Each structure stands twice: as structure tokens, then as C-alpha cells.
Amino acid sequence: ILLGGIAVFTSIMLYQLRKQSVAPNVPESKPKAEVVQPSCNVDLMLTIDRSGSMRQNYAAAKSAAAALVNKLDSLDTQNIVRVGLVSFAGTASLDIGLTNNLSSVSTAISSMPATSSGTCIECGLTTTNSELIAKKVSGTKQIVVLLSDGKVNGGGDPIPVADSGRG
């Protein structure tokens with residue numbers, strides 16, 4: 001997926017795609033990601049599900065998010081990328097607002113605990129959209145990377161919230 005000059009592939013996304021594949025006998029290979037130097041200002045929000053249903057995939061989601069942030073940090077020589085972090089389960093929290101200090105985002109990801117509560121993707125996306133709207137800079141590409149198993153058991157339908165963020 002190429003978004004705003006950044007190719008984004010996360011291990012959790014590829015895992016879900018593989019899991020739904022019609023070729024179940026194909027051996028799994030390690031997902032590969034390619035992140036390229038952005039050619040414009042980018043605001044990227046990581047929205048991570050830390051609910052009980054993510055128990056099996058939570059470490060992989062955190063690892064994928066941290067790898068993306070670390071790669072962006074190494075490539076962003078012009079300081080044109082801001083990254084923010086939202087985590088959610090039954091409710092959502094803005095863990096780190098959009099910032100150029102990508103090492104602080106990595107630290108927040110590594111210290112983010114899992115929970116045993118429900119999954120409100122709508123809550124996560126609402127908090128994400130609020131941060132993008134509040135910190136919008138003209139001409140900046142806005143990207144949301146949602147890491148979740150997609151098992152909604154709280155809140156409303158996340159699709160209208162996701163669609164509203166396409167501004």
C-alpha cells in the first residue's frame with residue numbers, strides 16, 4: 001500500500017490477509033515491509049488495538065508499529081514526518097500527540113500494556129480523527145495505520161468514523 005509517499009505493510013495486516021487466503025497449505029513467510037523517504041509533509045497516526053482479543057497478536061502489532069516508527073525516524077532527515085499514537089480497547093486514549101520526536105513514540109509503544117477489556121474500534125478512530133483535525137497543517141498528507149484483529153465488541157460501527165476521516 002503506498003500512502004502519501006510511504007509504503008506501509010504491517011505484519012498484523014499481512015497475517016490477517018494470509019489467514020483469510022484461499023491457499024491454506026502455502027507456508028507462511030515472514031512479512032516484509034518497505035518504507036521509503038517521504039516526499040512531502042506527513043502526519044501518521046498509529047491506532048493500536050490493545051484489547052483482550054488481541055492477546056495472540058498484540059506483540060506482533062507493537063513490533064510492527066515500532067519497526068515502522070524506527071524506520072521513519074531513520075529516513076526522515078528533513079524532519080517532515082510527525083507520528084502520533086492512539087491505543088484502544090473498551091475506550092481510547094491519545095498516548096502521544098502528533099510529534100517529530102519519533103523516539104518518544106517508540107518508547108510509548110514499547111510501554112503500552114495490553115488489557116482484557118472489549119474492543120471499540122470506533123473509539124480509537126474517533127480519537128485518531130480528533131488529533132488529525134486539531135493538528136492539521138495545510139498541504140500535509142494524513143495517514144492512519146490501524147492495527148487490530150477487527151473483532152468489534154463495543155462501541156458503534158467504525159466504518160462511518162473511518163469514512164469521516166477521509167476529508
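1. Asp43 and its partner. In this predicted model, Asp43 has Arg82 of strand 4 as its bridge partner. Asp43 itself sits in strand 3. With a relative accessibility of 2%, Asp43 counts as buried, since the cut-off for that class is under 20%. Leaving aside residues up to four places away in sequence, Asp43 touches Arg82, Leu98, Leu132, Lys135, Thr140, Lys141, Gln142 and Ile143. If you have the structure open, this residue is a handy place to begin.

2. Strand 3 beside strand 4. The two strands run parallel and are joined by eight bridges. Besides the Asp43 pair, you can look at Val42, whose bridge partner in strand 4 is Val81. Strand 3 spans residues 42-49, and strand 4 covers residues 81-88.

3. Strand 4 beside strand 5. Here the pairing is antiparallel, with five bridges between strand 4 (residues 81-88) and strand 5 (residues 92-99). The two strands make a hairpin, and three residues lie between them. For a landmark, find Leu85, which stands opposite Ile96 of strand 5.

4. The sheet as a whole. How many strands form the open sheet, and in what order? There are four, arranged 5-4-3-6, and their pairing is mixed. Strand 5 and strand 6 (141-147) are the edge strands; each has a single partner, so one side of each has no neighbour in the sheet. From one strand to the next, the twist averages 15°.

5. How enclosed is strand 4? Eight of its eight residues are buried, so strand 4 is largely enclosed by the rest of the structure. Val81, Val83, Leu85 and Ser87 point one way from the strand, while Arg82, Gly84, Val86 and Phe88 point the other way, and all of them are buried. Notice that Arg82, the bridge partner of Asp43, belongs to the second of these groups.

6. Helix 2 on the sheet. Helix 2 packs on the sheet and touches strand 3, strand 4 and strand 6. The direction of helix 2 makes about 165° with that of strand 3. Ala67 is found in helix 2 and is partly exposed, with a relative accessible area of 45%. Although 39 residues separate Ala67 from Ser106 in sequence, their C-alpha atoms are 8.6 Å apart in space.

7. Helix 2 against helix 3. What angle do the axes of these two helices make? Helix 2 (residues 58-75) and helix 3 (residues 102-110) cross at roughly 170°, and their axes come within 9 Å. The helices are therefore roughly antiparallel to each other, as angles over 145 degrees are classed that way. On the helix 2 side, the contact uses Lys62, Ala65, Ala66, Val69, Asn70, Leu72 and Asp73. These meet Leu102, Ser103, Val105, Ser106, Ile109 and Ser110 of helix 3. Sorted by class, the contact has seven nonpolar, four polar and two charged residues.

8. The two faces of helix 3. Leu102, Val105, Ser106, Ala108 and Ile109 are the buried residues to look for in helix 3. They span an arc of only 165° around the axis, which places them on the same side of the helix. Thr107 and Ser110 are exposed, and they lie on the face turned away from the buried side. Among the elements covering the buried residues are strand 3, helix 2, strand 4 and strand 5.

9. A closer look at Leu102. Leu102 lies in helix 3, and its relative accessibility of 2% makes it count as buried. Not counting residues up to four places away in sequence, Leu102 touches Val69, Leu72, Asp73, Val81 and Val83. Of these, Val69, Leu72 and Asp73 are in the helix 2 side of the helix contact, while Val81 and Val83 point one way from strand 4. Leu102 is also 8.7 Å from Gly84, C-alpha to C-alpha, with their positions 18 residues apart in sequence.

10. The chain overall. To put these details in place, the protein chain has five helices and six strands. Reading from the N terminus, the elements follow the order β-β-α-β-α-β-β-α-α-β-α. The chain has 167 residues, of which 40% count as buried. Among contacts with a separation of 6 or more, residues 24 or more positions apart account for 78%.

Technical notes. Residues are numbered from 1 along each chain as its sequence is written. This is a predicted model: local features need pLDDT of at least 70, side-chain atom pairs count only at pLDDT 80 or more; totals for chains, interfaces and linings use all residues. Side-chain values use heavy atoms; hydrogens and water are left out. Axes are lines fitted to C-alpha atoms, for helices over the stretch in contact, and angles run from 0 to 180 degrees between N-to-C directions. Angles under 35 degrees count as roughly parallel, over 145 as roughly antiparallel, 65 to 115 as roughly perpendicular and the rest as oblique. Contact means heavy atoms within 4.5 Å. Ala, Val, Leu, Ile, Met, Phe, Trp, Tyr, Cys and Pro count as nonpolar, Asp, Glu, Lys and Arg as charged, and the others, Gly among them, as polar. Two strands pair if DSSP finds at least two bridges between them. Buried means under 20% relative accessible area, exposed over 50%, partly exposed in between (1.4 Å probe, protein chains only). The arc is that of the directions from the helix axis to the C-beta atoms.
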